[in-house]
Amino acid sequence: MDALLALLLLIAVVALISTHQSLRQLRTALLALQARVEQQGRQLQQLLGQQDAPAKPAAQPSPGPTNQQARPQPDAQPLPQASLPSAGAPAGAPAGAPGFSQALGRHIKANGLLWLGGIVLSIGGLFLARYAIDAGLLPPAVRIIGGALFGVALTLGADHLARHAARFDIHSPHVPAALASGGLITCFAMVLVAFEGYGYLSPQLTFLLLALVSLAASSLTLRFGPLLACLGTVGAYLVPAIVNTGEPHLAMLLGYVTLISAYNLQVAMRVQQYWLWWLAFAGQSLWFGLAISLAGSGDLPLLVLFTLATLYLFALVPKLGWLLRQSSSAVLPLRALLWPDKTQLALVLPLVMLLVALGLHATDNQWMVTAVLVTALFYGLPLRHSAFDALPFLALAFAFVSFTAVAPVSSPEGSLPAFSLPFLFVQGNALLSLLFGAWMLHRQPQRRAFHTLLVVAPVLWYGLSYALAPTAIADQLYLPWSIELTLIALAATFAITRVKFALLQLPLALLANFALTLVLTMLLEAGPLTLALAAQLGSMAYLSHSYKVRLPDWLYKLALVAVMARLSVAPWLDSYASETLLGLHWSVVLYPLVIALVRFASGYVGSAPLQSWFRGAQLHLLALLVTTETSYLLNGRYPDLLDPSYQEACLLAMNWTVLGGVYLWRAPRSATTALVLRCWGWGLLAAATVMQLRISLVENPFWHAQPLGPLPMLNWLAVQWAIPALALFGLAWLRLAPALWQRIFSLLGGLFAALYINGGIRSFFHAHSVLLRLPTTQAELYSYSLVWLLVALGLVVFGLRRQYLKLTQLGLGILLVVILKAFLVDMAHLAGLYRAISFIGLGLALVGIGWLFQRVRSPKGGSPEAPTS
């Protein structure tokens, strides 16, 4: 208590000091404003006198009315709206409104003394509560009653001041709000003192009194502003945590929380302060989570009712009103249905918490009954308002989670799984989504969400239930599932002949197509299943083009992602290990076929952003084809990503470097997927860097014996260093990265090229090995000089021809190193005639190179030109 009082006093002193200077400035501004108003009043009187002067000879007015008209009437003019703003009016910020910190500073400067008075009154109430405990001059009951009466008097006095603001010359609503805050805090403290300090009140009565004080604070929001609502809301939700009645009754607790939430929502809607919605939703959710931890198996129906109450208060009331009478059938775009806002949060979070409660306490029958209740509610709400068109999909997700919780893991011998409760639940949901989607398609065909529900939901129920069932049960499900899907396809085909509009024919055609495809898919595995999914993508695009009805882009994207995900992980799945298609290994056939299907589908898609997705998918599939086939053809298997061998690591580093460069090259040419391609490109380059560090440092063939292959230059050194060097040079040459990374790519490419050249020379002299511990012959030393001399000569000539100064300088630097090596290393062991001949030969070579440089640099008949950068 002492620490709290000290803190409040410190806040009061700081507020007083910060307000003193502001008051002086405000007084000066008011005096200047008063002088200006008086000046304008005098000017107005002069203008009025000039207008009335010609009219005086015509009609002589009586003195009474003339004086009354000339005299200003200050009482007849209302106060400006800015002087006494309504507590419930929403504060609309102008275009040039200051920031939150500036507004807060101005508010403190303008109303600092008012809130200082409220803080001092609260301190006085707390001191009174402390006095009620420590002092003994009067009986404790008298002191507590006196403190409570003091708090009530402050609140009533604040109400009186608010009602007669003009009479008391009050120009700010914060004056009565500060007094009311101090009074309510005092009443709250007196009730707690009577309960905790002296035991005068029973827990039940204390609970009731604290709740009444909190509700009173929320009610006074309509008169004093949102501060009272904050105090009342927080206090009301804290009451059950402060007071322990000794009788834990979950129904009473949740009922109290629901009533408090309903009252606070009503206040929030009245004063149009929607941050109170968030405060109330936070309190409701916190108590929901606490109730789940306290509940037992018998309290599950109560939690279900509390979930429905939460959905009603925070999701339905803002859209439909308290009596759920508002309705709308307007067609809303997909972005409006799925864009995250408070309504989506109020729908999803209670359902997630209910799933947690069901997982802790529910039986199989309770899972099913709850799912049926949620499904019925979420299928019925779109009939009332189109803003809830996405709710059937949320119900679909909830029902499917419920199915997975009760799905059987085995089937009793002689039983039919299709007629067990979980799979009857599957068939019932599939039939409900089919009938509801068809009915909404006929009643309101413009609402596209129900097109998707009709096409996706039945197939999804049958497909997922079959895929997740154990093998023994899945074998028994295939026949009934196939019969029902075939009947659905026949019904959809018959319905196509009965409707005339393409808008209605397309979802029916897709439903028939999906149902028959699923029948075939349940017979397929691994590669054929992936091929069937890709064929489904092509059929969607073709049917959409044929019926001239555009499907939503997200449907194509979802299908593309499904196909890409399967093909991206397929090489490392056991189910694909021995897979063959047409007598060949699966990847040789599957990847080209899927690329062709994606190419076929892209020809019937008119959306430009979607075309970028299809082009990116083709590029990704081509990259997968290159990656998998190079590894399979060279090693006979796909690489182990976690622990690759030397040859597998070389292939991965090479492929990832090349693919990263391709993605970065493709990114600027794809507006919608540029960010994704750029992220993938840099990610692949980072992965290639990690793999290069492994094979160039830990497993470097210069100090670890590695199987390089039979040929000197066309071996695994080319895979490890030569091809990545070319890819890095290409990245720098095409300027696909910032300037700093271009220089880094150039340096790394040069390093890889040098390692490859030296490694190739050494492997030629040491039986396909490049180990440094092997001896170096004189012929090998000369070979290094000769090869690098040719490399330097080529760089210099190319740089001079193309006018690239840096390339020319690089060639000259290499040439200088070669010359130094020739003098210091190659000729160090020669003597006599061999040394003389070697020096003569080197000198003639240098003279010839110099003459060649002059010839390259100087055109015929002209002077030499220096190369440019």
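A crossing of two helices is called left-handed if the near helix is turned anticlockwise from the far one by less than a right angle. In this predicted model, helix α25 passes α26 in just such a left-handed crossing. The axes of α25 (residues 674-698) and α26 (residues 716-733) come within 13 Å, and they cross at roughly 145°. On the α25 side, the contact is made by Leu685, Gln692, Ile695 and Ser696, which meet Gln720, Trp721, Pro724 and Leu731 of α26. Sorted by character, the residues of this contact comprise five nonpolar and three polar, with no charged residue among them.

Attention can now turn to enclosed space. Rolling a probe the size of a water molecule over the atoms shows where empty space is left. Two cavities of 30 Å³ or more are found in the structure, and the largest holds about 110 Å³. Twelve residues line this largest cavity, and Arg448, His451, Thr452, Leu551 and Pro552 are the closest to its centre. Helices α17 (449-468) and α19 (502-521) are the elements that each give two or more residues to the lining. The lining of the largest cavity is made up of eight nonpolar, two polar and two charged residues.

Side chains of opposite charge can pair when their charged atoms come close. The model contains two salt bridges, one of which joins the side chains of Arg447 and Asp389 at 2.3 Å, N to O. This pair links distant parts of the chain, with the two positions 58 residues apart in numbering. Arg447 sits in the loop between α16 (421-443) and α17, while Asp389 belongs to the loop between α14 (364-384) and α15 (391-406).

Technical notes:
Residues are numbered from 1 along each chain as its sequence is written. This is a predicted model: local features need pLDDT of at least 70, side-chain atom pairs count only at pLDDT 80 or more; totals for chains, interfaces and linings use all residues. Side-chain values use heavy atoms; hydrogens and water are left out. Axes are lines fitted to C-alpha atoms, for helices over the stretch in contact, and angles run from 0 to 180 degrees between N-to-C directions. Helices (H or I, at least four residues) and strands (E, at least two) are DSSP runs, numbered from the N terminus. Contact means heavy atoms within 4.5 Å. Ala, Val, Leu, Ile, Met, Phe, Trp, Tyr, Cys and Pro count as nonpolar, Asp, Glu, Lys and Arg as charged, and the others, Gly among them, as polar. On a 1 Å grid over the protein atoms alone, a cavity is a set of points where a 1.4 Å probe fits but cannot get out, and a pocket is an open set with protein on both sides within 12 Å along at least five of seven lines; lining residues have an atom within 4 Å of a point. Grid points are joined across faces, edges and corners, and a volume is the space filled by probe spheres set on the points. A salt bridge is a side-chain nitrogen of Lys or Arg within 4 Å of a carboxyl oxygen of Asp or Glu.
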